[in-house]
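Me: I am new to reading protein models, and I would like a close look at one part of this one. Could you start from the overall layout and then take me slowly through the part that you choose to follow?

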Amino acid sequence: LAVRAQVEDLEVDEDSLAHLAEVGDRTSLRHAMQLMSPAFIVAKTNGREKVALSDLEECEGLFLDAKASAKLLQEQADKYLA
């Protein structure tokens, strides 16, 4: 994750990297990596150049991983057109 942040030229603090590792373990590494870019946008919107844990937590509330998304769709299938 640190290498990916460096490649994408994103500054991410250590707490955020640790949290991303936990997210990757809980969901998928792909999902954890995909949270970095929107978290950086949130950080910049809040006037910072470095991703903080609060930025990641906000993005986690906005973006679901594939498994959670599929589960939510299944649970709410009656609310969608067939």
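Reply: Read from the N terminus, the elements of this predicted model follow the order α-β-α-α-β-α-α, which amounts to 5 helices and 2 strands. Along the principal axes, the C-alpha atoms occupy a box of roughly 45 × 25 × 20 Å, and 30% of the 82 residues count as buried. If you take the contacts between residues at least 6 apart in sequence, 56% of them join residues at least 24 apart.

The part to follow is helix α4 with its surroundings. Helix α4 covers residues 53-62, and its axis comes within 8 Å of the axis of helix α2, residues 14-26, the two crossing at roughly 30 degrees. Angles under 35 degrees count as roughly parallel, and α2 and α4 are therefore described as roughly parallel to each other. On the α2 side the contact is made by Asp15, Ser16, His19, Leu20, Val23 and Arg26, while α4 brings Leu53, Leu56 and Glu60. Sorted by class, this contact of α2 with α4 has 4 nonpolar, 2 polar and 3 charged residues.

Two of the residues just named, Leu20 and Leu56, appear again in the largest nonpolar core. That core has 15 residues, and those with the most contacts inside it are Leu10, Val12, Leu20, Leu35, Val51 and Leu56. Helices α2, α3 (29-45) and α4 each supply at least two residues of the core, and α3 gives the most, with 6 residues. Leu10, for its part, is in contact with Ala5, Met36, Ser37 and Phe40, once its neighbours within four places in sequence are left aside.

Now look at one charged residue of α4. Is Asp55 buried or exposed? Asp55 sits in helix α4, and its relative accessibility is 1%; buried means under 20%, so Asp55 counts as buried. The side chain of Asp55 is joined to the side chain of Arg48 by a polar contact of 2.7 Å. Setting aside residues up to four places away in sequence, Asp55 touches Ala39, Val42, Ala43, Asn46, Arg48 and Lys50.

The last residue in that list, Lys50, leads to the strand before the helix. Lys50 belongs to strand β2 and, at 40% relative accessibility, counts as partly exposed. Apart from its neighbours within four places in sequence, Lys50 is in contact with Glu11, Val12, Asp13, Ala43 and Asp55, so that you meet Asp55 again from the other side of the pair. By contrast with these contacts, the C-alpha atoms of Lys50 and Asp78, which are 28 residues apart along the chain, are separated by 42 Å.

One step back along the chain is Glu49, in the loop between α3 and β2 (50-51), a residue that counts as partly exposed at 47% relative accessibility. Glu49 and Glu11 are 38 residues apart along the chain, yet their C-alpha atoms are separated by 6.8 Å. Among residues beyond four places in sequence, Glu49 is in contact with Glu11, Phe40 and Lys44, and a polar contact of 3.3 Å joins the side chains of Glu49 and Lys44.

Going the other way from α4, you reach Phe63, which lies in the loop between α4 and α5 and counts as partly exposed, with 40% relative accessibility. Phe63 touches His31, Leu35 and Pro38, not counting residues up to four places away in sequence; Leu35 is one of the core residues already listed. From Phe63 to Pro38 there are 25 residues in sequence and 9.4 Å in space, C-alpha to C-alpha.

Beyond this loop comes helix α5, residues 66-75, and here the picture changes. Of its 10 residues the number buried is 0, so α5 lies largely in the open. At the start of α5, a side-chain oxygen of Asp65 reaches to within 3.2 Å of the backbone nitrogen of Lys67.

A last detail is found in the loop between α1 (2-7) and β1 (11-12), which is the place of Asp9. Most residues other than glycine have a negative phi. Asp9 is not a glycine, but its phi is positive, at about 55 degrees, and with 65% relative accessibility Asp9 counts as exposed.

Definitions and conventions
Residues numbered from 1 in each chain as written. Predicted model: local features only at pLDDT ≥ 70, side-chain atom pairs only at ≥ 80, totals over all residues. Heavy atoms only, no water. Axes fitted to C-alpha atoms, helices over the stretch in contact; angles between N-to-C directions. Helix = DSSP H or I, 4+ residues; strand = E, 2+ residues; numbered from the N terminus. Parallel < 35°, antiparallel > 145°, perpendicular 65-115°, else oblique. Contact = heavy atoms within 4.5 Å. Nonpolar A, V, L, I, M, F, W, Y, C, P; charged D, E, K, R; others polar. Buried < 20%, exposed > 50% of the residue type's maximum accessible area, 1.4 Å probe, protein only. Polar contact = N/O pair within 3.5 Å; in protein donor to acceptor, adjacent residues only side chain to side chain. Core = buried A, V, L, I, M, F, W, Y, C linked by side-chain atoms within 4.5 Å.
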